[in-house]
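Subject: Structure handover

Hello,

Here is the structure I promised to pass on. Please open it first, then read my notes below.

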Amino acid sequence: MPILTVKDLHVRVAGRPVLQGVDLELEPGQVHALMGPNGSGKSTLALALAGHPTYEVVRGQVLLDGQDLLSLPPHERARAGLFLAFQYPPEVEGVKLREFLRLACSVRGKGFCEFQKAFPQALARLNMEEFRDRELNLGFSGGEKKRAELMQLYLLRPRVALLDEPDSGVDVDALRLIAEVIAEMAQAGTAVLVITHYPRIFRYVPPARVFVLWQGKIAEQGGPELAWKIGEHGFEVVRR
Ligand SMILES: Nc1ncnc2c1ncn2[C@@H]1O[C@H](COP(=O)(O)OP(=O)(O)OP(=O)(O)O)[C@@H](O)[C@H]1O
Ligand SMILES: [Mg+2]
């Protein structure tokens, strides 16, 4: 049974139709891949699911464990168990990473004592101990921001995780670490969608299903071999 079902989703951005009938299902405990050319609407899909007001849903349905997601404001989508790791994580001056995560954990039902234990563990898992007292993403390098997003995932244990290019700009060791954490989260039951351009991350965490976004729709889907084919031949494999 899928935990997230997207049916015939149409989304407009700045008056332009970007998604034109996306159908997608994510299964709990599995890693899924979303690939597609620059500008095909991968981030639009992730941001529209999270409830970003710029992305106007004009048609379609999204169910999270049977619950209508699109009628909920963004914070309630998060509370229902939807998590988004941004392609471009914003820098939030004046907000400590630690305080941000403490509050996020408290609305997900983790009390202070539990957080006091889980936060250092999450920092350690992502090799981020020295970021303990930093402000949220402020001055973080590109790769550090990606690791911080994964740290949030590790701590929050959502039901559905949309990871928008968790592999972009990260070094080889961080790539492996991020892939290992993604695999752990899936093993713990999270349905994960990895948005990416390159199949390299799938060497460490093979996806059960690969979706290709093309001209506003899921134009192709398949097993991990589809990601390797795209890596080798580009999106010609879909165009044909
Ligand atoms: N705020 C905005 N205003 C105008 N156009 C936008 C806005 N946000 C996105 N778009 C347009 O919507 C289209 C889809 O963008 P999106 O960021 O979803 O693509 P993507 O598949 O994530 O690309 P990439 O692989 O480069 O990250 C693009 O043509 C983009 O220029
Ligand atoms: Mg994008």
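Let me start with one pair of residues. In strand 8, the bridge partner of Ala161 is Val192. The strands involved are strand 7 (residues 160-164) and strand 8 (residues 191-195). They run parallel, and five bridges join them. Helix 6 (residues 172-187) packs on the sheet there. This helix touches strand 3 (31-35), strand 7 and strand 8. Its direction makes about 150 degrees with that of strand 8.

Please keep in mind that this is a predicted model.

**The six-stranded sheet**

Now step back to the whole sheet. It is open and has six strands, in the order 6-7-8-3-9-10. The pairing is mixed. Which strands stand at the edges? They are strand 6 (82-85) and strand 10 (217-222). Each has a single partner strand, so one side of each is left without a neighbour in the sheet. On average, neighbouring strands here are turned by 20 degrees against each other, direction ignored.

Look at strand 6 again. Four bridges join strand 6 to strand 7, and the two run parallel. Ala85 has Leu163 as its bridge partner in strand 7. Are the faces of strand 6 covered or uncovered? Both are covered. Leu82 and Leu84 are buried on one side, and Phe83 and Ala85 are buried on the other.

**The four-stranded sheet**

There is also an open sheet of four strands. Its order is 2-1-4-5, and its pairing is antiparallel. Strand 2 (16-26) and strand 5 (67-68) stand at its edges. Each of these has a single partner strand, so one side of each has no neighbour in the sheet. Two bridges join strand 4 (residues 55-64) to strand 5, and these strands run antiparallel. Leu63 stands opposite Asp68 in strand 5.

Helix 1 lies across strand 1 (4-13), strand 2 and strand 4. It runs at about 70 degrees to strand 4. How many residues of helix 1 are buried? Eight of its nine are, so the helix is mostly covered. The buried ones are Lys42, Ser43, Thr44, Leu45, Ala46, Leu47, Ala48 and Leu49. Just after helix 1, Gly51 takes a positive phi of about 100 degrees.

**Around ligand 1**

Helix 1 (residues 42-50) matters for the next point too: it gives three residues to the shell around ligand 1, the largest share. The shell has 13 residues, and Ala14, Asn38, Lys42, Ser43 and Thr44 come nearest. What classes are found in this shell? Three residues are nonpolar, nine are polar and one is charged.

**Some single residues**

Most residues other than glycine have a negative phi. Here are two with a positive value.

- Asn127 has a phi near 55 degrees. It lies in the loop between helix 4 (112-125) and helix 5 (142-156). Asn127 has 14 other C-beta atoms within 10 Å, so it is partly exposed.
- Arg157 has a phi near 45 degrees. It lies in the loop between helix 5 and strand 7. Arg157 has 17 C-beta neighbours inside 10 Å, so it counts as partly exposed.

Why do these counts give "partly exposed"? A residue is buried at 20 or more such atoms and exposed at 12 or fewer, and partly exposed lies in between.

Arg176 is found in helix 6. It has 16 C-beta neighbours inside 10 Å, so it counts as partly exposed too. Arg176 and Lys96 are 80 residues apart in sequence. In space they are 27 Å apart, C-alpha to C-alpha.

**The whole chain**

Last, the overall picture. The protein chain has eight helices and 10 strands. Its C-alpha atoms fill a box of roughly 55 × 40 × 35 Å, taken along the principal axes. Does the radius of gyration agree or disagree with a compact globule? With 240 residues, such a globule would have a radius near 18 Å. The chain has 17 Å, so the two agree.

Buried residues make up 39% of the 240 residues. Now take the contacts with a separation of 6 or more. Residues 24 or more positions apart account for 70% of them.

Best wishes

Terms used:
Residues are numbered from 1 along each chain as its sequence is written. Chains are lettered from A and ligands numbered from 1 in the order in which they are written. This is a predicted model: local features need pLDDT of at least 70, side-chain atom pairs count only at pLDDT 80 or more; totals for chains, interfaces and linings use all residues. The radius of gyration is taken over C-alpha atoms; the globule rule is 2.2 Å times the number of residues to the power 0.38. Two residues are in contact if their C-beta atoms, placed from the backbone, lie within 7 Å. A residue is near a molecule or strand if its C-beta atom, placed from the backbone, lies within 6 Å of it. Ala, Val, Leu, Ile, Met, Phe, Trp, Tyr, Cys and Pro count as nonpolar, Asp, Glu, Lys and Arg as charged, and the others, Gly among them, as polar. Two strands pair if DSSP finds at least two bridges between them. Axes are lines fitted to C-alpha atoms, for helices over the stretch in contact, and angles run from 0 to 180 degrees between N-to-C directions.
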